[in-house]
Amino acid sequence: MDEQQKQRFLSLRRELIRREFAGLNERQQEAVLCTEGPLLLLAGAGSGKTTVLIHRIANLIRFGRASDCTEVPTGYGFAELAALEAAAAAEGPMDTQTAALCTVEPVEPWRIIAITFTNKAANQLKDRLADMLGPEAQEIWAMTFHAACCRILRREIDRLGYDLQFTIYDTADSERVMKEVLRSLNYDEKALPPRLVLRLISQAKDAMQFPEAFADAAGRGGDQRLADTAKCYAAYQTRLREANALDFDDIILLTVKLLQDYEEVRVRWQQRFRYVLIDEYQDTNHLQYLLSALLAGGRENICVVGDDDQSIYKFRGATIENILSFEERFPGARLIRMEQNYRSTQAILKAANAVISHNRGRKGKTLWTENASGVPITVKESFDENEEANYVAGRIFAQTPPARFRDFAILYRTNAQSNALERSFKFNAIPYRIIGGTRFFDRAEVKDMLAYLCLINNRADDLRLSRIVNNPPRGIGLKTLETLRRLAESRGLPLYLVLADAGQYPALERSAKKLLDFSALIEECAGLLDSLPLPEFYDAVVEKTGYARMLEEQDDVESRTRLENVRELRSSLVNYLETHPDDPSLHGFLEEIALYTDIEQYDAEADAVVMMTIHTAKGLEFPHVFLVGAEDGLFPSLRSMDDGAELEEERRLCYVAITRAKQSLTVTHARQRMLYGRTTANPLSRFIGDIPRELLSPSSKPRTPKPQSPGSREGRMFYDDLPFAERGGWDQPPQRRADVGIGPYGSRSSGAGSSPLRPGAAAQHKAPVVDYRPGDTVQHSSFGRGMILRVTKMGNDAMLEIAFDDKGTKRLLANTASAHMKKL
DNA sequence: ATCATAACGCTTTTT
DNA sequence: GCGTTATGAT
């Protein structure tokens, strides 16, 4: 082929590949076809970033680097060119021969690593890849930073003197270790709070500063607190190493260290991965940047996707610098902006753009959409958080039907705000789910059972041993434990070895029997591990340890829930076995748990309103969004208001909140609210003041713009402070139902106090839990006979939808209703 | 060893 | 205002 033919061949090839991605817009296609070298993808909210990631991987696997290379394979001539010309002229999907001509070095799936931040994102990626590519997708390393590093460490960490079967400590574990360290070094926990020390250590690790270097630096600085921290850092690392444990930071840090210091390791992994993709790049910290760069080293086929405007995790070490300086760190990097939004209405996007435009230090990006302009944004003032919650409940009722409950999301700045909402929703029998808060694996009883399993798995795990050695009570108290610690430390042995050999130590004479009983228990359980399948083994542990008996004996609602949770842990075991037939080991399960701390949303399909913090909502979208608590002092939080950088982070958080909404956005704020036990009054959030007033619904128009207060920006708005009822109530009045009150406190106009409007609602916690299923027939004292249509789980309670023979269909809460109702 | 009461302290969150 | 933890009394 001559030069002209070559060029023709190349452009035809690229065009044909491009056609395979015809469903994407031009920018998205560009990102998909751009396979070689560093690529920075600035993907605005709702711009189809995951879609692009998936298609980009598909392109790599199907066509290799053909779409982004300027070579024509040797031996190609006129025949091949003619074949492409013919294919280009034809319609329809590409045939196999054409595909072969359009392929250069197709990538094996296992040579691609796509890193995300959360398991949720990783799973989403895996699922969508499997949909598109079939079983091949399994081979792609689509996982979190920590999961990827763990897989590497399981092969390599012995070089650093750790056992390949290391344990992972979560944040709570780390905190306990640090408390012990502080105690053993005789530091006062108030003068040197464990959390602070851990934060400093985390920062040191992010900077790859090991204890020695940290001590050197602290010594030079002459800061006593830093010098103390250095001692704690060293002691903390020693303890972790002796327990053969890694904290979350270590997982990344040690992987980076291995890749940096051991050429063999570096070469192995660099050769393995031909393409590196990083999602949510704006959330990476320095260590994660190093890791990404190391993995991509040599080829530098690194594609990072992110949105500087959605960086909301600076408080835990993420540095937006990684995005802002990507092009300097990777010379020759290409930059593609994806600014077309497919999610939201114009009104919502304009509001989001207006809010975020006040930030400096942005890459600069303006979202646009071809979607309709949509309904205006509503800003609603309420008297307090209860009225606010009732307003939201009323609005949701007013729109149901046609909207489903699951089309609504309520977003707030702090988890504590869910309380008022929860009360109101329970009262009004609106099904809801609260995401976040205390997680399943953070519950004490679950951690206790896991501690037993960890100890069985690794007898050197002093931390887990001390958690459960006297739980349930076995007469092994603090003093005995202290003696154990002393002995273990002086001999350089794990606690368990001293305990299991208690007869040898005169100091333990009195408690020797109890200690030996405990070690016999652990050994007995461990013995069952080989003979029983994991779930049955777990049952045995629950029984033999006496944990179940302890909970059964207490026999109150609280311990019944705890027992349920202990049993629920068994289902995660079963679930693990189903998903990992290749590794049905206890060890494999514990590792999965350590990194995958959020239980699968078991009822994700349920038709329920969802409530969560704005942080948790990142990456999600909902037809209707309520942003509640939009007040200065809460959002932005008080602590961020006097710091420019922190205020910018809060503003990005606001941007994230607004851009979650597809069709409608309602912002609420309260004139007064209970905050940390004090009633506080705060003005409307300054962020909401940045939204141009023409985007707002008439009912949210300001009365009179007041004079500027010092320091406030122009365009700031103030809203009238007429009582709620005199302003026309709800924008759309809720359909009041005979059996449904409007809130636990009533509306203010009714003057009701805390007495509920619905009979039985107050006795909720005393009501027995009855198991209801769809299809059950029930007899209700007021509503008569009915059949259960639907059961929606809501925490410990459940929402029942019951078709009564005479009174129509009603929604009732199971715990409340069971007092007035029996199964037939 | 275990239970009771006082004191603290507190965004956001993933791994 | 609430939940967790530290300390003292039984």
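Here a visitor and a guide talk through one helix and two DNA strands in a predicted model.

Visitor: How do you know that the length of α4 agrees with the expected span of a helix?

Guide: Helix α4 runs over residues 78-89, and at 1.5 Å a residue its twelve residues should span 16 Å. The end C-alpha atoms are 16 Å apart, so the two values agree.

Visitor: What makes L81, L84 and A87 count as the buried residues of α4?

Guide: Buried means under 20% relative accessible area, so L81, L84 and A87 each fall below that cut-off. They cover an arc of only 125° around the axis, which puts them on the same side of α4. In general, an α-helix has 3.6 residues a turn, so residues three or four places apart point the same way. The buried residues of α4 pack against α1 (3-20) and α5 (96-101). On the other side, F78, A79 and A89 are exposed.

Visitor: Why is the T613 pair with DNA strand B called a polar contact?

Guide: The cut-off is 3.5 Å between N or O atoms, and a polar side-chain atom of T613 lies 2.4 Å from a phosphate oxygen of DNA strand B, so the pair qualifies. T616 has a side-chain N or O atom 3.4 Å from a phosphate oxygen of that strand. E646 reaches a base oxygen of DNA strand B at 3.5 Å, through a polar side-chain atom.

Visitor: What makes E189, M674, Y676 and G677 the residues around DNA strand C?

Guide: Each has a heavy atom within 4 Å of the strand, so each one counts. They divide into two nonpolar, one polar and one charged.

Methods: Residues numbered from 1 in each chain as written. Chains lettered and ligands numbered in written order. Predicted model: local features only at pLDDT ≥ 70, side-chain atom pairs only at ≥ 80, totals over all residues. Heavy atoms only, no water. Helix = DSSP H or I, 4+ residues; strand = E, 2+ residues; numbered from the N terminus. Expected span 1.5 Å × (residues − 1). Buried < 20%, exposed > 50% of the residue type's maximum accessible area, 1.4 Å probe, protein only. Arc of directions from axis to C-beta. Contact = heavy atoms within 4.5 Å. Nonpolar A, V, L, I, M, F, W, Y, C, P; charged D, E, K, R; others polar. Polar contact = N/O pair within 3.5 Å; in protein donor to acceptor, adjacent residues only side chain to side chain.
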